[in-house]
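Here is my note on this model, in numbered points. Please read it with the structure open.

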Amino acid sequence: MEFELSYTPDQEAFRQDVRAWLQANVPAGISRSPRVEEHPQQEWEQRRVLARRLGAKGWLWPTMPREYGGGGLSMDQAIIIAEELDSLGLHSPPYHDSATLVAPSVLVWGSDEQKKAFLPPMLKGEVVTFQCLTEPEVGSDLASVKSSAVKDGDEYVLNGHKTFIGAAHGVDWMWTIAVTDPKAPRHENVSWFIIPANSPGVTIIPMELLGSRGEDGNPEGHKNDIYLDSVRVPAFNLIGGENQGWRVASTHLELEHGGGGRIVRNAFEREFWKYIETAQRDGRHLAEDPDARDVLADIQTDNEITRLLGMRNFYLAHARKPRSYEGSQSSYMRKTAGLRMTHLMGQLLGYQALTTDAEYRIADGHIESQQRSGIINVHPGGTTDIQKLIIARRIGIGRTAKEEAGRLS
Ligand SMILES: Cc1cc2nc3c(=O)[nH]c(=O)nc-3n(C[C@H](O)[C@H](O)[C@H](O)COP(=O)(O)OP(=O)(O)OC[C@H]3O[C@@H](n4cnc5c(N)ncnc54)[C@H](O)[C@@H]3O)c2cc1C
């Protein structure tokens, strides 16, 4: 069976339009680095310019409804836009933005007024959002959150401490779930809020972590501790109904667990194969070494399976097809394959995989970056254990009823 996509002449003509538009509109100064979290401030600002331009064109969120700021385009056009951005080493949005989770959740659960108020700024790239879920004692078991929200007139007053949140360079809106009825049963006690990040009482404190270290030692692309200290949020910002927040969470968790899919190759992978094309060992081409070939075949196989599962999920998401275990399956594969790749590259490249020293580093430091991120990436967005748990529930292992996926439309 042929899995690769093929395109009609009309679609190829659209691709030419996209390519020409990107050539004219990607601001100068944007590096093609796959290390998306490590952009200096100036570059990050240029990426925001690009997002606004894509948003104005309807290409930031091609398949989202036009009335809310999306492009109203077909899935095929979305694929072409994603491919053309990827060929420039760019994602959409071109910086860390959890709008990929929050916008579809608002589309499913928001009132008409809320959709009109919250979706256009996100879909046009005017705001950056962080998901603000994890707490010092609450990660995988998100339903155990301790943060609270108490109604006071037309507002809610939020208190709590969130950790491992977002990225560098600040945020405009955050979104979270918080306990609104401490006496109600689990899953029926929480509500889902959008919080303007400049609200009084919000404190953001950067964390310095293994994955956040830029080459000069600066913690770019870091995570943050976020404190909510009597933060007042309009009642309008509660999405999906009071104490109904778990329903909304089930939508964004479905997407976070891999339900959104991915059409393009991992940009890091491209850098790796580019390096392998010319890499030498003991005076000959590395790929001529039988042991190296053995390792390279494993890496290529893992990457290809990951890519095909991501493609399937991208199709399911953009064609708005029902989903079950597919998101978690692809996430599990991506994470475990990433970690295997870390080990295999260490085996293949030795100490050079670990150094950022300009004299010895390889592939412009991308491989060193992957050595740090491979281990980290198995954890966020649902750990590998959680993905396995979800797959088992969805295919009905040890259950009489199969668990359903979170609502996506
Ligand atoms: C790089 C990074 C970025 C992140 N970004 C964000 C962000 O932007 N916003 C945000 O809100 N959070 C973010 N997080 C937090 C992330 O969502 C949590 O780390 C994750 O949900 C796991 O929670 P935990 O760390 O508390 O681990 P725990 O939930 O305490 O898990 C510890 C271990 O127990 C295992 N485990 C837990 N429950 C089960 C179970 N039922 N069955 C089997 N095994 C289990 C886990 O797999 C893990 O190995 C980020 C984390 C990282 C590392």
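1. A residue counts as buried when its relative accessible area is under 20%, as exposed when it is over 50%, and as partly exposed in between. Glutamate 84 has a relative accessible area of 4%, so it is buried. This glutamate sits in helix H3. Leaving out residues up to four places away in sequence, glutamate 84 touches Arg15, Val18, Arg19 and Leu22.

2. A word on confidence. This is a predicted model. The average pLDDT of the protein is 90, and 94% of the residues score at least 70. Residues 215-221 are a weak stretch, with pLDDT below 50. In the model this stretch still has 20 contacts beyond near neighbours in sequence. Where pLDDT is low, predicted coordinates should not be read in detail.

3. Now the charged pairs. Side chains of opposite charge can pair when their charged atoms come close. How many salt bridges does a search of the whole structure find? The count is 19.

4. Take glutamate 83 and arginine 15. They form a salt bridge, and their closest N and O atoms are 2.9 Å apart. The pair links distant parts of the chain: glutamate 83 belongs to helix H3 (residues 75-87), arginine 15 to helix H1 (residues 9-25), and 68 residues separate them. Is arginine 15 buried or exposed? With a relative accessible area of 7%, arginine 15 is buried, because the cut-off is under 20%.

5. A second bridge joins the side chains of arginine 48 and aspartate 172, at 3.3 Å from N to O. Arginine 48 is in helix H2 (residues 41-57), while aspartate 172 is in the loop between strand S3 (155-165) and strand S4 (173-179), so the bridge ties together parts 124 residues apart in sequence. The partners fall into separate burial classes. Arginine 48 is buried, with a relative accessible area of 10%. Aspartate 172 is partly exposed, at 27%.

6. A third bridge pairs glutamate 155 with arginine 232, with 2.6 Å between the closest N and O atoms. Glutamate 155 is in strand S3 and arginine 232 in strand S7 (residues 223-234), so parts 77 residues apart in sequence are tied together. Glutamate 155 is partly exposed, with a relative accessible area of 29%. Arginine 232 is also partly exposed, at 38%. Elsewhere, salt bridges with shared partners join Glu12, Arg15, Arg19, Glu83 and Glu84 into one network.

7. Next, a helix pair. The axes of helix H4 (residues 99-109) and helix H6 (residues 245-259) come within 9 Å and cross at roughly 140°. Why call H4 and H6 oblique? An angle has to be over 145 degrees to count as roughly antiparallel, and 140° lies outside the other named ranges too, so the pair is oblique. The crossing of H4 and H6 is right-handed. On the H4 side, the contact is made by Thr100, Leu101, Pro104, Ser105, Val108 and Trp109. H6 supplies Arg247, Val248, Thr251, His252, Leu255 and Glu256.

8. Serine 98 is in the loop between H3 and H4. Its relative accessible area is 4%, so serine 98 is buried. Which residues does serine 98 contact, leaving aside its neighbours within four places in sequence? They are Thr129, Phe130, Gln131 and Trp175.

9. Serine 87 is placed in helix H3. Serine 87 is partly exposed, with a relative accessible area of 48%. Serine 87 and phenylalanine 14 are 73 residues apart along the chain, and their C-alpha atoms are separated by 15 Å.

10. Helix H10 (residues 366-376) is mostly covered, with 8 of its 11 residues buried. The buried residues of H10 are His366, Ile367, Glu368, Ser369, Gln370, Gln371, Arg372 and Gly374.

11. Last, arginine 307, in helix H8 (residues 290-318). Arginine 307 is buried, with a relative accessible area of 10%. From C-alpha to C-alpha, arginine 307 and arginine 393 are 24 Å apart in space, and they are 86 residues apart in sequence.

Terms used:
Residues numbered from 1 in each chain as written. Predicted model: local features only at pLDDT ≥ 70, side-chain atom pairs only at ≥ 80, totals over all residues. Heavy atoms only, no water. Salt bridge = Lys/Arg side-chain N within 4 Å of Asp/Glu carboxyl O. Helix = DSSP H or I, 4+ residues; strand = E, 2+ residues; numbered from the N terminus. Buried < 20%, exposed > 50% of the residue type's maximum accessible area, 1.4 Å probe, protein only. pLDDT = per-residue confidence, 0-100. Contact = heavy atoms within 4.5 Å. Axes fitted to C-alpha atoms, helices over the stretch in contact; angles between N-to-C directions. Parallel < 35°, antiparallel > 145°, perpendicular 65-115°, else oblique. Left-handed = near helix turned anticlockwise from the far one by under 90°.
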